[in-house]
Amino acid sequence: MVDVRTCLRDLKFSPTLLVNEEVAALRKRGKAIYHMGFGESPFPVHPIIQQAISGYSGKNQYMPAAGLEELRKKARASIVKKHDIGPGEFDALIGPGSKELIFDIQLAVGGDLLFPAPSWVSYIPQTYITGDAVIRMELGPDVMYKLDGERLQKAIDEARYDGRTPTKLILNYPNNPTGMTYRPRELEEIAEVCRRNRILIISDEIYAQVSFRRPHRSIAFYYPEGTIVTTGLSKHLSLGGFRLGVALVPSDLGHVIKVLRSIASETFSAVSTPIQFGVLAAFEENEEIERYIEDCTEIHDIVTRYVWKTLQELDVAYGEPQGGFYFYPDFERYRPRLEALFGVRTSEDLARALLHERSVAALPGTAFGDRDEKLRLRLSTVDFDGLSALIRHRDGKFAGEEAFVEAACPRVAGACSNLRAFFKEQP
Ligand SMILES: Cc1ncc(COP(=O)(O)O)c(C=O)c1O
């Protein structure tokens, strides 16, 4: 009998990838599905990057484990500026996606993880591998699912009183699953608590460049000595499949940098060489690429506000979308109806009923570390053809934003009308 490590027995296949596979199978069988379950940005690779990649297809040598020197330099300069990181000194490390880098940081820094629930799907499963304990801080729609200094200090105090050792916090904004972001004053308060308590912040800022109407500021601006910023190209440049992420680690944390480099050297070795050369352009100042990012972000803004209106109609909206492409509504107010009509008691029941009754795929709150009985779903807003949306958006020939979504993103519009039907109409 093969011995599977105890801590790994709870590790399942990533729910986001799983729902995607399920939807693909249903679609293959001819079923029309509205896919609000997966968070992949739908736009095409920018031609400048496509050309660059093909130009480097002959590059076959291994790269240094921390990444191509030129890329590290360019990535650091670009991220410091775009994320408004301030004057701190940081080393940039390149990895195969920020998911892997977040895992490596969790592995490198021992101690208990301060976890705002809900949070992105992979943070907790990664602790099953590192074996670290988790200190949950439950957040609800009443506070727009946002952490504050007082709540954080309370969690640290209680954990220490119980003999535990909180050492690290994962903060993510603009947030997946909630779509919320933090204001400078709120970041300053969290940073202050972390500095006082010597807590390392892993600041997952992968959606920084998909911020709507308010510029992004990194929490590293307020706490440069204790913040590792992770980010990448998967969201604002739709390059998830390229698998390239960046971590900016404070230069003073030399021991952490050393461990991260060693982990890289003994596991993935280095990110693929043509990819590292090919994405140099993504970190240079380039007007065309900037315009593409702005256009894609504006489309996300329009589409999320369309979905937000549906959530307002259903009385489950909690805050205007601020970035990224997600919502995390709580359907508690519909519990009697859902239980009577579909036997729904948990978020997983709810996701299943919505898929079977109205062909809308969504992820249950349990995937985000929420308790089973909370009737919360994560809805993503990216089930549309990005190229056609970009073309229509550039044409500008649509009578208002709603008309744009209905013409360019018909599956998102369809998902919204099916959500309304599921929660309001007789089945
Ligand atoms: C909040 C969050 N962090 C990190 C990632 C990982 O991104 P990547 O590994 O593609 O850089 C994702 C991707 O879905 C995400 O939503």
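There are zero disulfides in this structure, which is a predicted model. Cys409 takes part in no disulfide, and the nearest cysteine sulfur to its own, that of Cys416, is 10 Å away. Seen from the other end, Cys416 is in no disulfide either, with the sulfur of Cys409 being the nearest cysteine sulfur, at 10 Å. For a disulfide, the two sulfur atoms would have to be within 2.5 Å, so this pair doesn't qualify.

Are these two cysteines buried or exposed? Cys409 has 0% relative accessibility, so it counts as buried. Cys416 also counts as buried, because its relative accessibility is 0%.

Now for the ligand. Where does it sit? You'll find it in the second largest pocket. A shell of 13 residues surrounds the ligand, and the closest are Ser98, Asp204, Tyr207, Ser234 and Arg243. Sorted by character, that shell comes to four nonpolar, five polar and four charged residues.

Three side chains have polar atoms that pair up with the ligand as follows:

| Side chain | Ligand atom | Distance |
|---|---|---|
| Asp204 | nitrogen | 2.5 Å |
| Lys235 | oxygen | 2.8 Å |
| Arg243 | oxygen | 2.8 Å |

So how much of the ligand's surface does the protein bury? On its own the ligand exposes 400 Å², and the protein buries 91% of that.

Asp204 and Arg243 turn up twice here: both are among the closest residues to the ligand, with Asp204 facing a ligand nitrogen at 2.5 Å and Arg243 a ligand oxygen at 2.8 Å.

Key:
Residues numbered from 1 in each chain as written. Predicted model: local features only at pLDDT ≥ 70, side-chain atom pairs only at ≥ 80, totals over all residues. Heavy atoms only, no water. Near = heavy atom within 4 Å. Polar contact = N/O pair within 3.5 Å; in protein donor to acceptor, adjacent residues only side chain to side chain. Areas by Shrake-Rupley, 256 points an atom, 1.4 Å probe, with all protein chains shown as cover. 1 Å grid on protein atoms, 1.4 Å probe; cavity = no way out; pocket = protein on both sides within 12 Å on 5 of 7 lines; lining within 4 Å. Sits in = over half its atoms within 2 Å of the grid points. Nonpolar A, V, L, I, M, F, W, Y, C, P; charged D, E, K, R; others polar. Buried < 20%, exposed > 50% of the residue type's maximum accessible area, 1.4 Å probe, protein only.
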